[in-house]
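Visitor: I'd like to learn how to read a structure like this. Could you walk me through it, starting with the empty spaces inside?

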Amino acid sequence: MDQHSQFQLLRTRRFLPFFVTQFLGAFNDNIYKNCLMLLIAFSAPDALGLPTNLVMNLAAGLFILPFFLFSATAGQMADKYEKSAIMRKVKLAEVIIMSAAALAFATNSYWVLLILLFVMGAQSTFFGPAKYAILPQHVRDIELVGANALVEMGTFVAILVGTIGAALIVEQENARLIASAAIIVVAVLGYLSSRAIPAAPSANPELKVDYNPLRTTWKILKQAREQRGVYLAVMAISWFWFLGASYLTQFPNFAKTVLNGDASVVSLLLAMFTIGIAFGSMLCDRLSGHRIELGIVPLGSLGVTLFGIDFFFAVPSDHSVNLLVWRDFFTQPELTRLLIDLAGIGLFGGLFIVPLYAFIQQRTPIEQRARIIAANNILNALFMVASAVAGMILLGPLDLGIPGLFLVIAIMNMVVTLYVYSQVPEFALRFVIWMLSHTLYRVKSQGLDQIPEEGSAVLVCNHVSFVDALLIAGSVRRPIRFVMDHQIFKSPLLGWFFKLAKTIPIAPRHKDEAIYQRAFESISQELKAGNLICIFPEGKLTRDGEINEFRSGIETILGNDPVPVIPMALQGLWGSFFSHKGGAAFTKPPRRFWSRVRLLAGEPVPAENATASLLEQKVRLLRGDGA
């Protein structure tokens, strides 16, 4: 097994108790909520003296209302206090709530059960910010994506198992007794597992908690908007919950009225969607190379849209005469296609949300992290309510039908995500980089641990092709500002990309003094800000595959800002479509796909020793014969 596999986290005390606790919490939420709603629908439809549909909507509203009311307070408390202690208290509260619910089940007190559903929602509200804010304190950066993948996988599997488990429980003769026992046992197990979660010190002990829900909610949402990239990531996650809620809400009616299926068909649709999300979440860590890779997010949104559109066209045009059961979906190809599409929507949805959660955790200052996650929870709840409203409008006055609703949200998904990517170019940049390094090339790296985790440094590398910068950016974990010949910006294929990436253009001093001076000013500003700069000291692409003489510009940079220099070398790019072998780049048809490329880094060279000739020698040694 890969030494960086996320499954290794399940062997550690810093993650396993947390994972078990959050899994059991999500499982218990769904056992309780679905048992209650199914019992009301089938066993005691008149127990509350209200129409069943009204009770169902009331129950859904009662569970989600606490996320609006208490998320802001929960976020403040998770920032102010030690998080594992909060989680233990919340889980202890769950034991008390479920004990009361068991008594209410035994006495058929459905109004009490509805009130306790609201209380259970409040308990989940206070658990959420601590749940996500504690992760970066217990796992390393290289494990953060994998940890989030496990959490999302566990959450959706818990939802699936809890939903199906509730359906099985209510079919039993003594359903109320079984439900009562189940929710108490799971709550107790959750509390016991929470006691093993390691401490996570307060991130902001001086913070004053404001208990006014309206004021704190407005303040936290305003705070989230201050970091535009993080805020748009929050909005993208909330949009996914809009989309997911739209599918999950319509599955029962879709199975019954469109497919003419029984209850087992509803469970099968839910299972395929949920299993898809679980697999997508787990796949995310492998595709991202165990790091936060925003390039996967556009891939995820594209897949959700394509499979969503195909799902619409895969719906049978005529209703089945016979009642469908779950087994029919594996014997009739047109129905199997529906399952594949649902699994695809879920899988790409997992690829979509996992990097976004990790991105928010990493980019948010630790003293604000829980409050930003609370803002995310508020907006998630708001978008889920909006999905219900949109469903009522599209299925009511507009009369699109459920397949039409699914088509509309698939198209809306692409519109919404394109807007996000247009506002945060980093998503689009990382997507291009990720696609390039996973289609045309197989990039292997060695020695990149020589690059400091933080602080300024200059990377120097040989210059073989127009995509050198993209491949380096795709391999190095930290953001890099590249310095390139200003002529490269005139490239018809990649010039726009380098401008979008805010690459620093440079020209020979004798050709354009203004560009030359601006380049060194920009380089100095970036280094003083503690960032990484990458330059290609040859000043131009190689014409014969050999390394050209390094120019003295690197010495000028270090004279202004004496920082460490990391020599690097690219192997395997000479002869690619983007190199000058056999003629100018871009003028020859591509002949190499999935080519092996290596990026090697050597030991840092102190600024006082780093001359152009020494760095050239070190890059030559690193590259060897692997042009």
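Guide: Sure, and keep in mind that this is a predicted model. Let's begin with the second largest cavity, which is lined by Phe156, Phe240, Trp241, Gly244, Ala245, Leu248, Phe273 and Ile277.

Visitor: Which helices each supply at least two residues of that lining?

Guide: Those are α8 (228-258) and α9 (263-287). Of the elements around the second largest cavity, α8 gives the most, with five residues.

Visitor: What classes of residue are in the lining of the second largest cavity?

Guide: Seven are nonpolar and one is polar, while none is charged. The volume here is about 30 Å³.

Visitor: How many cavities of 30 Å³ or more does the structure hold?

Guide: Two. The largest has a volume of about 40 Å³, and you'll find Tyr132, Tyr357, Ile360, Gln361, Ile373 and Asn376 lining it.

Visitor: Which elements give two or more residues to the lining of the largest cavity?

Guide: Look at α11 (333-363) and α12. The top contributor to this lining is α11, with three residues. Sorted by class, the lining of the largest cavity has four nonpolar and two polar residues, and no charged ones.

Visitor: I see two tyrosines in that list. How do I read a pair of aromatic rings?

Guide: You describe such a pair with two things: the distance of the centres and the angle of the planes. The structure holds 25 aromatic pairs. One of them is Tyr132 with Tyr357, a stacked pair at 4.7 Å centre to centre, with 0° between the planes.

Visitor: Where do Tyr132 and Tyr357 lie?

Guide: Tyr132 is in helix α4 (residues 110-138) and Tyr357 is in helix α11, so their pair ties together parts that are 225 residues apart in sequence. Remember that both tyrosines also line the largest cavity.

Visitor: Now for helices. At what angle do the axes of α7 and α12 cross?

Guide: For two helices, check how close the axes come and how they cross. The axes of helix α7 (residues 213-225) and helix α12 (residues 369-395) come within 9 Å and cross at roughly 105°. That's why α7 counts as roughly perpendicular to α12.

Visitor: Which residues make the contact?

Guide: On the α7 side, pick out Thr217, Ile220, Leu221, Gln223 and Ala224; on the α12 side, Arg371, Ile372, Ala375, Ile378 and Leu379. By class, this contact of α7 with α12 has seven nonpolar residues, two polar ones and one charged one.

Technical notes
Residues are numbered from 1 along each chain as its sequence is written. This is a predicted model: local features need pLDDT of at least 70, side-chain atom pairs count only at pLDDT 80 or more; totals for chains, interfaces and linings use all residues. Side-chain values use heavy atoms; hydrogens and water are left out. Axes are lines fitted to C-alpha atoms, for helices over the stretch in contact, and angles run from 0 to 180 degrees between N-to-C directions. Helices (H or I, at least four residues) and strands (E, at least two) are DSSP runs, numbered from the N terminus. Angles under 35 degrees count as roughly parallel, over 145 as roughly antiparallel, 65 to 115 as roughly perpendicular and the rest as oblique. Contact means heavy atoms within 4.5 Å. Ala, Val, Leu, Ile, Met, Phe, Trp, Tyr, Cys and Pro count as nonpolar, Asp, Glu, Lys and Arg as charged, and the others, Gly among them, as polar. On a 1 Å grid over the protein atoms alone, a cavity is a set of points where a 1.4 Å probe fits but cannot get out, and a pocket is an open set with protein on both sides within 12 Å along at least five of seven lines; lining residues have an atom within 4 Å of a point. Grid points are joined across faces, edges and corners, and a volume is the space filled by probe spheres set on the points. Rings of Phe, Tyr and Trp (its six-membered ring) pair if their centres lie within 6.5 Å; planes under 30 degrees apart count as stacked, over 60 as edge-to-face and the rest as tilted.
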